Amino acid sequence: MTTENAYRYGITVPLNAPLGEHPRLVRELVAAGYTDIWSAEVDGLDGFTPLTVAALADPSVRLGTAIVSPYTRGPATLAMSAAALAELAPGRFQLGVGSASQLIVESWNAAEFARPYHRVRDTVRFLRAAFTGEKVTERYETFSVRGFRLTRVPQEPPQILVAALREGMLKLAGREGDGAIVNWLSPDDVRTVVPYVHAGGPGKEIVARIFVCPFDDPVLVRSIGRRMITSYLNVPVYAEFHRWLGRGEILKPMWDAWAAGDRKKALELVPDELVDDLVVHGTPERCRARIQEYVDAGVTVPVVAVIDPRPDADPLEAALSLAPRR
């Protein structure tokens, strides 16, 4: 797997190191063959600051947010944040937006998680207009903007990607976005979701965040994977996604135990084969081969999210073991 292939090869930041160390880490990652740095915004660092650090660290690396939510920033603030990064890294930045989840939006950010499809759609439409530099006065279905003009218009506006799980958002990503960002799915699942995006036209980006643990210790990795799966797949939007993918029967016992408050039982009821489907693990060679399966299924930008269970691990060691030139 090399960067001479027709696709890019990304990694999720921040890494498990102080942000001040990231310039050195980014340069080493790029030297090893990573082409992309993608941020994740949940409960650690925000989505833009680590990318700003990366943009200054290397003049060639591509950047993307996966994702920032239109519920946690006002429309104008989101446009300004994206424009600033696009100005710093012209032609290298892709803005990934997505609804996030009830937990992030309501419990942590005091906003109402209402009409996510429409909110994301309206945000994409507003951003398209704002990036032209024209004054925007528009009443969208989920918010209104009166008289906003982006006074520092990026020379190359960022592409806008939509985080998508099920049919409606996937079609939106292809119809009004420049592609989709997907996660928590297997290579076979990629084949299910890609046609909905491509229905919007050719040349659409498919960015996949892939959880990767490059250690040949199935017992340890499956233990970690079970905890991750119960944390994520009990969130309503992800539960519905996996019902839509056809995993309702295999996940129902875990969901029932979780709903009953029996967290320990819920962990026990996550099958090994489900962990193996959704979390890439094994030797680095085996992991790279599995990542290639995602690419073969239609992913244009695989974005590795490294899982390293060692408490004092070098933040680069596992990532470099997965580097495409090795």
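Buried here means under 20% relative accessible area. All panels show a predicted model.

**View 1. Overall fold of the protein chain.** The protein chain holds 14 helices and 11 strands. Its radius of gyration is 19 Å, close to the 20 Å given by the globule rule for 326 residues, so the chain is as compact as a globular protein of that length. The C-alpha trace extends over about 55 × 45 × 35 Å along its principal axes.

**View 2. Burial and contacts in the protein chain.** Of the 326 residues, 55% are buried. Where contacting residues lie at least 6 apart in sequence, 73% of the contacts join residues at least 24 apart.

**View 3. Surface and charges of the protein chain.** The accessible surface amounts to about 14000 Å², and carbon and sulfur atoms account for 50% of this area. The chain carries 37 positive and 40 negative charges, and the mean positions of the two sets are 5 Å apart.

**View 4. Buried side of helix H1.** Helix H1 covers residues 22–32. Its buried residues are His22, Leu25, Val26, Leu29, Val30 and Ala32. These residues lie on the same side of H1, because they cover an arc of only 160° around the axis.

**View 5. Elements that cover helix H1.** Two strands, E1 (10–13) and E2 (36–39), are included in the cover over the buried residues of H1. Helix H2 (49–57) and helix H14 (317–321) also belong to this cover.

**View 6. The residue just after helix H1.** Gly33 follows directly after H1 and takes a positive phi of about 120°.

Key:
Residues numbered from 1 in each chain as written. Predicted model: local features only at pLDDT ≥ 70, side-chain atom pairs only at ≥ 80, totals over all residues. Heavy atoms only, no water. Helix = DSSP H or I, 4+ residues; strand = E, 2+ residues; numbered from the N terminus. Rg over C-alpha atoms; globule rule 2.2 N^0.38 Å. Buried < 20%, exposed > 50% of the residue type's maximum accessible area, 1.4 Å probe, protein only. Contact = heavy atoms within 4.5 Å. Areas by Shrake-Rupley, 256 points an atom, 1.4 Å probe, with all protein chains shown as cover. Lys, Arg positive; Asp, Glu negative; His and termini not counted. Charge placed at Lys NZ, Arg CZ, Asp CG, Glu CD. Arc of directions from axis to C-beta.
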